[in-house]
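Visitor: I should like a close look at a single part of this model. Please describe how that part is arranged and what lies against it.

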Amino acid sequence: MIIGVPKEVKDHESRVGVTPAGVKALVEAGHKVLVEHDAGVLSAMPDDEYQEAGAEIVGSAYDVWRLAEMVVKVKEPVEKEYRHFREGLVLFTYLHLAPLKELTDALLEKKVTGIAYETVRDRAGSLPLLTPMSEVAGRLSVQIGAEYLTKEHGGRGLLLGGVPGVPPASVCIIGGGIVGTNAAKIALGMGAKVTLIDLNLNRLRELDDIFNGRVFTMASNSYNIARAASEADLLIGGVLIPGAAAPKIVTKAMVEKMKKGAVIVDVAIDQGGCIETAHPTTHSDPSYEVNGVVHYCVTNMPAAVPNTSTLALTNATFPYVMKLARLGAKEAIREDKGIAEGVNTFDGVLTYEAVAAAQQRDWKSVTELA
(Lines give C-alpha, C1' and ligand atoms only; values in the text may rest on other atoms or scores of the structure.)
Protein backbone atom coordinates (compact mmCIF):
# COMPACT_ATOMS: atom_id res chain seq x y z
CA MET A 1 0.00 0.00 0.00
CA ILE A 2 1.05 3.61 -0.56
CA ILE A 3 0.71 5.52 2.71
CA GLY A 4 0.73 9.31 2.76
CA VAL A 5 1.76 11.47 5.72
CA PRO A 6 0.91 15.13 5.05
CA LYS A 7 2.04 18.04 7.18
CA GLU A 8 -0.70 19.16 9.55
CA VAL A 9 -2.23 22.53 8.64
CA LYS A 10 -4.59 23.19 11.54
CA ASP A 11 -3.53 26.27 13.53
CA HIS A 12 -0.30 25.52 15.44
CA GLU A 13 -0.77 21.77 14.95
CA SER A 14 2.75 20.43 15.25
CA ARG A 15 2.25 16.68 15.63
CA VAL A 16 2.74 14.17 12.81
CA GLY A 17 0.84 10.99 11.95
CA VAL A 18 3.76 8.55 11.52
CA THR A 19 7.25 8.63 13.07
CA PRO A 20 10.49 7.59 11.34
CA ALA A 21 10.34 4.35 13.33
CA GLY A 22 6.88 3.69 11.90
CA VAL A 23 8.11 4.44 8.38
CA LYS A 24 10.94 1.93 8.79
CA ALA A 25 8.52 -0.80 9.87
CA LEU A 26 6.12 -0.06 7.01
CA VAL A 27 8.89 -0.04 4.40
CA GLU A 28 10.32 -3.29 5.76
CA ALA A 29 6.84 -4.79 5.37
CA GLY A 30 6.86 -3.84 1.68
CA HIS A 31 4.81 -0.65 1.74
CA LYS A 32 5.67 2.75 0.27
CA VAL A 33 5.51 5.83 2.51
CA LEU A 34 5.23 9.39 1.18
CA VAL A 35 6.01 12.10 3.74
CA GLU A 36 5.41 15.76 3.01
CA HIS A 37 8.46 18.01 3.38
CA ASP A 38 8.89 19.12 7.02
CA ALA A 39 5.84 17.13 8.19
CA GLY A 40 7.66 16.05 11.35
CA VAL A 41 10.03 18.93 11.93
CA LEU A 42 7.94 20.56 14.69
CA SER A 43 7.88 17.23 16.52
CA ALA A 44 11.71 17.18 16.35
CA MET A 45 11.60 14.59 13.54
CA PRO A 46 13.36 16.13 10.50
CA ASP A 47 13.17 14.96 6.89
CA ASP A 48 16.57 13.26 6.95
CA GLU A 49 15.37 10.86 9.68
CA TYR A 50 12.39 9.92 7.51
CA GLN A 51 14.63 9.44 4.47
CA GLU A 52 17.01 7.24 6.42
CA ALA A 53 14.01 5.15 7.47
CA GLY A 54 13.01 4.67 3.83
CA ALA A 55 10.35 7.33 3.23
CA GLU A 56 10.06 9.33 0.04
CA ILE A 57 9.96 13.07 0.87
CA VAL A 58 7.33 14.85 -1.23
CA GLY A 59 7.32 18.60 -1.80
CA SER A 60 3.61 19.29 -1.68
CA ALA A 61 0.53 18.19 0.22
CA TYR A 62 -1.28 17.88 -3.11
CA ASP A 63 1.05 15.10 -4.26
CA VAL A 64 0.89 13.25 -0.93
CA TRP A 65 -2.93 13.17 -1.02
CA ARG A 66 -3.06 12.46 -4.78
CA LEU A 67 -0.70 9.49 -4.72
CA ALA A 68 -1.58 7.87 -1.39
CA GLU A 69 -4.10 5.07 -1.00
CA MET A 70 -4.27 5.74 2.75
CA VAL A 71 -3.56 9.08 4.41
CA VAL A 72 -2.52 9.00 8.07
CA LYS A 73 -2.94 12.29 9.92
CA VAL A 74 -3.39 13.59 13.45
CA LYS A 75 -6.20 16.16 13.31
CA GLU A 76 -9.39 16.34 11.31
CA PRO A 77 -8.96 17.91 7.85
CA VAL A 78 -9.63 21.64 7.63
CA GLU A 79 -11.58 23.22 4.77
CA LYS A 80 -8.61 23.76 2.45
CA GLU A 81 -7.86 20.03 2.63
CA TYR A 82 -11.34 18.95 1.48
CA ARG A 83 -10.30 19.41 -2.16
CA HIS A 84 -7.91 16.46 -1.77
CA PHE A 85 -10.73 14.00 -0.98
CA ARG A 86 -11.54 11.40 -3.59
CA GLU A 87 -13.47 8.17 -3.90
CA GLY A 88 -11.59 5.16 -2.54
CA LEU A 89 -9.26 7.17 -0.30
CA VAL A 90 -8.79 5.80 3.24
CA LEU A 91 -8.34 8.53 5.85
CA PHE A 92 -7.08 7.49 9.29
CA THR A 93 -7.02 10.34 11.81
CA TYR A 94 -8.97 12.05 14.57
CA LEU A 95 -12.22 13.18 12.94
CA HIS A 96 -14.51 14.44 15.76
CA LEU A 97 -17.36 14.67 13.25
CA ALA A 98 -20.27 15.27 15.65
CA PRO A 99 -19.96 19.09 15.59
CA LEU A 100 -18.47 19.25 12.05
CA LYS A 101 -21.28 18.98 9.52
CA GLU A 102 -19.31 20.46 6.60
CA LEU A 103 -16.46 17.97 7.01
CA THR A 104 -18.99 15.15 7.22
CA ASP A 105 -20.64 16.39 4.01
CA ALA A 106 -17.28 16.48 2.20
CA LEU A 107 -16.30 12.96 3.30
CA LEU A 108 -19.68 11.58 2.24
CA GLU A 109 -19.78 13.41 -1.07
CA LYS A 110 -16.34 12.11 -2.11
CA LYS A 111 -17.00 8.60 -0.69
CA VAL A 112 -13.93 8.66 1.56
CA THR A 113 -13.49 5.83 4.05
CA GLY A 114 -13.05 7.92 7.21
CA ILE A 115 -11.68 5.95 10.17
CA ALA A 116 -11.64 8.01 13.36
CA TYR A 117 -9.02 7.42 16.04
CA GLU A 118 -11.49 8.49 18.71
CA THR A 119 -14.02 5.71 18.02
CA VAL A 120 -11.72 2.71 17.39
CA ARG A 121 -12.16 0.17 20.19
CA ASP A 122 -9.98 -2.62 21.51
CA ARG A 123 -11.05 -6.06 22.71
CA ALA A 124 -11.84 -4.69 26.17
CA GLY A 125 -14.19 -2.13 24.63
CA SER A 126 -12.01 0.85 25.58
CA LEU A 127 -10.78 3.60 23.25
CA PRO A 128 -7.05 2.89 22.80
CA LEU A 129 -6.33 5.70 20.33
CA LEU A 130 -8.07 8.36 22.39
CA THR A 131 -6.36 7.34 25.64
CA PRO A 132 -2.83 8.70 24.99
CA MET A 133 -4.03 12.15 23.94
CA SER A 134 -6.51 12.21 26.83
CA GLU A 135 -3.57 11.50 29.14
CA VAL A 136 -1.58 14.36 27.62
CA ALA A 137 -4.54 16.77 27.58
CA GLY A 138 -5.54 15.92 31.15
CA ARG A 139 -2.05 16.58 32.48
CA LEU A 140 -1.61 19.65 30.31
CA SER A 141 -4.96 21.14 31.38
CA VAL A 142 -3.66 21.73 34.91
CA GLN A 143 -0.35 23.12 33.67
CA ILE A 144 -2.23 25.54 31.41
CA GLY A 145 -4.82 26.33 34.08
CA ALA A 146 -2.07 27.21 36.54
CA GLU A 147 -0.54 29.59 33.98
CA TYR A 148 -3.88 31.27 33.23
CA LEU A 149 -4.57 31.79 36.93
CA THR A 150 -1.70 34.29 36.94
CA LYS A 151 -2.67 37.97 36.69
CA GLU A 152 -0.78 38.32 33.43
CA HIS A 153 -3.31 36.01 31.73
CA GLY A 154 -6.39 37.56 33.35
CA GLY A 155 -6.64 35.08 36.21
CA ARG A 156 -7.18 35.68 39.92
CA GLY A 157 -3.46 35.93 40.58
CA LEU A 158 -3.21 32.60 42.38
CA LEU A 159 -0.37 30.14 42.82
CA LEU A 160 -2.00 26.75 42.36
CA GLY A 161 -0.31 25.12 45.34
CA GLY A 162 -0.36 28.15 47.65
CA VAL A 163 2.44 28.62 50.20
CA PRO A 164 2.63 28.08 53.99
CA GLY A 165 0.01 30.32 55.55
CA VAL A 166 -1.85 30.81 52.23
CA PRO A 167 -4.32 28.13 51.06
CA PRO A 168 -3.93 26.45 47.67
CA ALA A 169 -6.23 27.05 44.72
CA SER A 170 -9.37 24.96 44.37
CA VAL A 171 -9.50 22.75 41.26
CA CYS A 172 -12.81 21.20 40.16
CA ILE A 173 -12.63 18.42 37.55
CA ILE A 174 -15.82 17.31 35.76
CA GLY A 175 -15.47 13.69 34.62
CA GLY A 176 -13.49 10.86 36.19
CA GLY A 177 -12.18 9.23 33.00
CA ILE A 178 -8.69 9.37 31.51
CA VAL A 179 -8.66 13.18 31.27
CA GLY A 180 -10.00 13.70 34.78
CA THR A 181 -7.72 11.14 36.41
CA ASN A 182 -4.61 12.58 34.81
CA ALA A 183 -5.67 16.13 35.62
CA ALA A 184 -6.17 15.12 39.25
CA LYS A 185 -2.68 13.57 39.40
CA ILE A 186 -1.01 16.78 38.28
CA ALA A 187 -3.24 19.09 40.34
CA LEU A 188 -2.48 17.07 43.48
CA GLY A 189 1.20 17.04 42.61
CA MET A 190 1.15 20.84 42.38
CA GLY A 191 -0.48 21.07 45.80
CA ALA A 192 -4.02 22.12 44.82
CA LYS A 193 -7.25 21.22 46.57
CA VAL A 194 -8.97 18.88 44.10
CA THR A 195 -12.65 17.99 43.72
CA LEU A 196 -13.61 15.37 41.12
CA ILE A 197 -17.19 14.91 39.90
CA ASP A 198 -18.56 11.87 38.05
CA LEU A 199 -21.88 10.12 37.45
CA ASN A 200 -20.51 6.65 38.13
CA LEU A 201 -20.33 5.92 41.86
CA ASN A 202 -18.16 2.86 41.31
CA ARG A 203 -15.68 5.04 39.44
CA LEU A 204 -15.68 7.52 42.32
CA ARG A 205 -14.90 4.65 44.69
CA GLU A 206 -11.99 3.61 42.46
CA LEU A 207 -10.68 7.16 42.36
CA ASP A 208 -10.97 7.48 46.11
CA ASP A 209 -8.77 4.37 46.42
CA ILE A 210 -6.34 5.49 43.69
CA PHE A 211 -5.76 8.86 45.37
CA ASN A 212 -5.96 7.48 48.91
CA GLY A 213 -8.72 9.91 49.88
CA ARG A 214 -6.73 13.01 48.89
CA VAL A 215 -9.24 13.94 46.15
CA PHE A 216 -12.72 15.07 47.19
CA THR A 217 -15.23 13.06 45.14
CA MET A 218 -18.78 14.18 44.38
CA ALA A 219 -21.70 12.51 42.59
CA SER A 220 -22.68 14.39 39.45
CA ASN A 221 -25.93 16.36 39.61
CA SER A 222 -26.76 19.95 38.78
CA TYR A 223 -26.76 21.04 42.44
CA ASN A 224 -23.31 19.60 43.19
CA ILE A 225 -21.83 20.88 39.92
CA ALA A 226 -23.17 24.41 40.52
CA ARG A 227 -21.77 24.47 44.06
CA ALA A 228 -18.37 23.08 43.05
CA ALA A 229 -18.12 25.48 40.10
CA SER A 230 -18.85 28.48 42.30
CA GLU A 231 -16.03 27.48 44.65
CA ALA A 232 -13.50 26.60 41.92
CA ASP A 233 -10.52 28.70 40.96
CA LEU A 234 -9.81 26.29 38.08
CA LEU A 235 -12.58 24.26 36.43
CA ILE A 236 -11.58 21.45 34.02
CA GLY A 237 -14.16 19.87 31.72
CA GLY A 238 -13.33 16.27 30.82
CA VAL A 239 -16.68 14.70 29.88
CA LEU A 240 -16.77 12.33 26.91
CA ILE A 241 -19.46 10.33 25.14
CA PRO A 242 -17.53 8.42 22.43
CA GLY A 243 -18.08 9.97 19.01
CA ALA A 244 -21.03 12.08 20.18
CA ALA A 245 -21.41 15.74 21.01
CA ALA A 246 -20.40 16.39 24.60
CA PRO A 247 -23.30 17.20 26.96
CA LYS A 248 -23.38 20.73 28.42
CA ILE A 249 -22.72 19.85 32.05
CA VAL A 250 -21.80 23.35 33.24
CA THR A 251 -24.47 25.89 32.27
CA LYS A 252 -24.15 29.59 31.51
CA ALA A 253 -25.93 30.35 34.81
CA MET A 254 -23.28 28.33 36.69
CA VAL A 255 -20.47 30.22 34.94
CA GLU A 256 -22.09 33.54 35.91
CA LYS A 257 -21.75 32.55 39.59
CA MET A 258 -18.07 31.59 39.34
CA LYS A 259 -15.37 33.79 40.87
CA LYS A 260 -14.05 36.66 38.76
CA GLY A 261 -10.68 35.62 37.38
CA ALA A 262 -11.43 31.91 37.70
CA VAL A 263 -10.25 29.77 34.79
CA ILE A 264 -12.09 27.16 32.71
CA VAL A 265 -10.19 24.63 30.58
CA ASP A 266 -12.66 22.63 28.46
CA VAL A 267 -10.80 19.54 27.27
CA ALA A 268 -14.02 18.21 25.69
CA ILE A 269 -14.11 21.10 23.19
CA ASP A 270 -13.16 18.73 20.31
CA GLN A 271 -16.62 17.21 20.71
CA GLY A 272 -18.37 20.55 21.16
CA GLY A 273 -17.42 21.15 24.79
CA CYS A 274 -19.10 20.32 28.10
CA ILE A 275 -19.26 23.97 29.26
CA GLU A 276 -22.17 25.96 27.80
CA THR A 277 -20.09 29.14 27.43
CA ALA A 278 -17.21 27.34 25.68
CA HIS A 279 -16.42 27.71 21.99
CA PRO A 280 -13.38 26.40 20.08
CA THR A 281 -10.18 28.46 20.16
CA THR A 282 -6.71 28.05 18.67
CA HIS A 283 -3.15 28.19 19.94
CA SER A 284 -2.86 31.57 18.18
CA ASP A 285 -5.80 33.00 20.12
CA PRO A 286 -6.37 30.53 22.96
CA SER A 287 -8.53 32.31 25.52
CA TYR A 288 -11.42 34.70 26.06
CA GLU A 289 -13.54 35.91 28.97
CA VAL A 290 -17.20 35.42 29.80
CA ASN A 291 -18.52 37.19 32.94
CA GLY A 292 -14.94 37.71 34.08
CA VAL A 293 -14.13 33.98 33.83
CA VAL A 294 -11.16 33.08 31.60
CA HIS A 295 -11.97 30.30 29.10
CA TYR A 296 -9.23 28.21 27.45
CA CYS A 297 -10.79 26.00 24.77
CA VAL A 298 -8.05 25.03 22.30
CA THR A 299 -9.19 22.05 20.22
CA ASN A 300 -5.71 20.55 19.79
CA MET A 301 -4.17 21.09 23.21
CA PRO A 302 -1.59 18.26 22.93
CA ALA A 303 0.03 20.09 19.99
CA ALA A 304 1.65 22.34 22.60
CA VAL A 305 3.95 19.41 23.46
CA PRO A 306 4.32 17.78 20.02
CA ASN A 307 7.27 15.50 20.63
CA THR A 308 5.66 13.83 23.64
CA SER A 309 2.24 13.81 21.95
CA THR A 310 3.42 12.38 18.63
CA LEU A 311 5.31 9.56 20.32
CA ALA A 312 2.40 8.77 22.67
CA LEU A 313 -0.15 8.84 19.85
CA THR A 314 1.81 6.79 17.33
CA ASN A 315 2.66 4.15 19.94
CA ALA A 316 -1.09 3.48 19.98
CA THR A 317 -2.06 4.11 16.34
CA PHE A 318 0.78 2.34 14.55
CA PRO A 319 -0.39 -1.27 14.99
CA TYR A 320 -3.67 -0.23 13.34
CA VAL A 321 -1.83 1.58 10.53
CA MET A 322 0.14 -1.60 9.89
CA LYS A 323 -2.97 -3.78 9.91
CA LEU A 324 -4.84 -1.46 7.51
CA ALA A 325 -1.82 -1.42 5.19
CA ARG A 326 -1.40 -5.19 5.30
CA LEU A 327 -5.05 -6.16 4.80
CA GLY A 328 -6.53 -3.14 3.06
CA ALA A 329 -9.38 -1.19 4.64
CA LYS A 330 -12.26 -3.47 3.62
CA GLU A 331 -10.64 -6.67 4.85
CA ALA A 332 -9.43 -5.00 8.06
CA ILE A 333 -12.98 -3.76 8.75
CA ARG A 334 -14.35 -7.27 8.22
CA GLU A 335 -11.68 -8.92 10.36
CA ASP A 336 -11.33 -6.44 13.24
CA LYS A 337 -14.48 -5.26 15.06
CA GLY A 338 -12.47 -2.53 16.76
CA ILE A 339 -11.45 -1.01 13.42
CA ALA A 340 -15.05 -1.35 12.20
CA GLU A 341 -16.12 0.74 15.22
CA GLY A 342 -13.71 3.41 14.03
CA VAL A 343 -15.34 3.79 10.61
CA ASN A 344 -17.44 6.97 10.55
CA THR A 345 -17.95 7.27 6.78
CA PHE A 346 -17.84 4.55 4.12
CA ASP A 347 -18.70 4.70 0.40
CA GLY A 348 -20.83 7.82 0.83
CA VAL A 349 -22.72 6.51 3.87
CA LEU A 350 -22.53 7.75 7.47
CA THR A 351 -21.69 4.72 9.61
CA TYR A 352 -21.47 5.99 13.20
CA GLU A 353 -24.68 6.28 15.19
CA ALA A 354 -23.57 8.99 17.64
CA VAL A 355 -22.49 11.30 14.80
CA ALA A 356 -25.79 10.65 13.03
CA ALA A 357 -27.70 11.55 16.19
CA ALA A 358 -25.70 14.76 16.68
CA GLN A 359 -26.30 15.83 13.07
CA GLN A 360 -29.81 14.37 12.72
CA ARG A 361 -28.85 12.18 9.77
CA ASP A 362 -29.53 8.61 8.70
CA TRP A 363 -26.80 6.01 9.20
CA LYS A 364 -25.98 2.38 8.49
CA SER A 365 -23.59 0.03 10.22
CA VAL A 366 -20.40 -0.45 8.21
CA THR A 367 -20.78 -4.22 8.70
CA GLU A 368 -23.74 -4.04 6.28
CA LEU A 369 -21.65 -2.26 3.67
CA ALA A 370 -18.07 -3.58 3.75
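Guide: What follows is an account of one sheet, the helices that pack on it, and then the nonpolar cores. The model is predicted: local features need pLDDT of at least 70, side-chain atom pairs count only at pLDDT 80 or more, and totals for chains, interfaces and linings use all residues. Residues are numbered from 1 along each chain as its sequence is written, and side-chain values use heavy atoms, with hydrogens and water left out.

Helices (H or I, at least four residues) and strands (E, at least two) are DSSP runs numbered from the N terminus; two strands pair if DSSP finds at least two bridges between them. The open sheet consists of 7 strands in the order E9-E8-E7-E10-E11-E13-E12, with mixed pairing. Its edges are strand E9 (216–219) and strand E12 (287–290), each of which pairs on one side only. On average, neighbouring strands of this sheet are turned by 20° against each other, direction ignored; axes are lines fitted to C-alpha atoms, for helices over the stretch in contact, and angles run from 0 to 180 degrees between N-to-C directions. Within the sheet, strand E11 (residues 263–266) and strand E13 (residues 293–296) pair in the parallel sense over 3 bridges. There, Val265 stands opposite Tyr296 in E13.

Helix H5 packs on this sheet and touches strand E10 (234–237), E11, E12 and E13; contact means heavy atoms within 4.5 Å. The direction of H5 makes about 150° with that of E10. Helix H6 (residues 178–189) also packs on the sheet, touching strand E7 (170–174), strand E8 (193–198) and E10, and its direction makes about 170° with that of E8.

H5 itself (residues 131–148) has 18 residues and reaches 25 Å from its first C-alpha to its last, close to the 26 Å expected; the expected span is 1.5 Å times one less than the number of residues. Of its 18 residues, 13 are buried, so H5 is largely enclosed by the rest of the structure. Buried means under 20% relative accessible area (1.4 Å probe, protein chains only).

Finally, the cores: a nonpolar core is a set of buried Ala, Val, Leu, Ile, Met, Phe, Trp, Tyr and Cys residues joined through side-chain atoms within 4.5 Å. The largest has 43 residues, and Val23, Leu26, Val35, Met70, Phe92 and Leu324 have the most contacts inside it. Helix H10 (residues 306–327) supplies the largest share of this core, 8 residues. Apart from that core lies another, of 32 residues, which includes Tyr148, Ile173, Phe211 and Tyr296.

Terms used. Buried means under 20% relative accessible area, exposed over 50%, partly exposed in between (1.4 Å probe, protein chains only).
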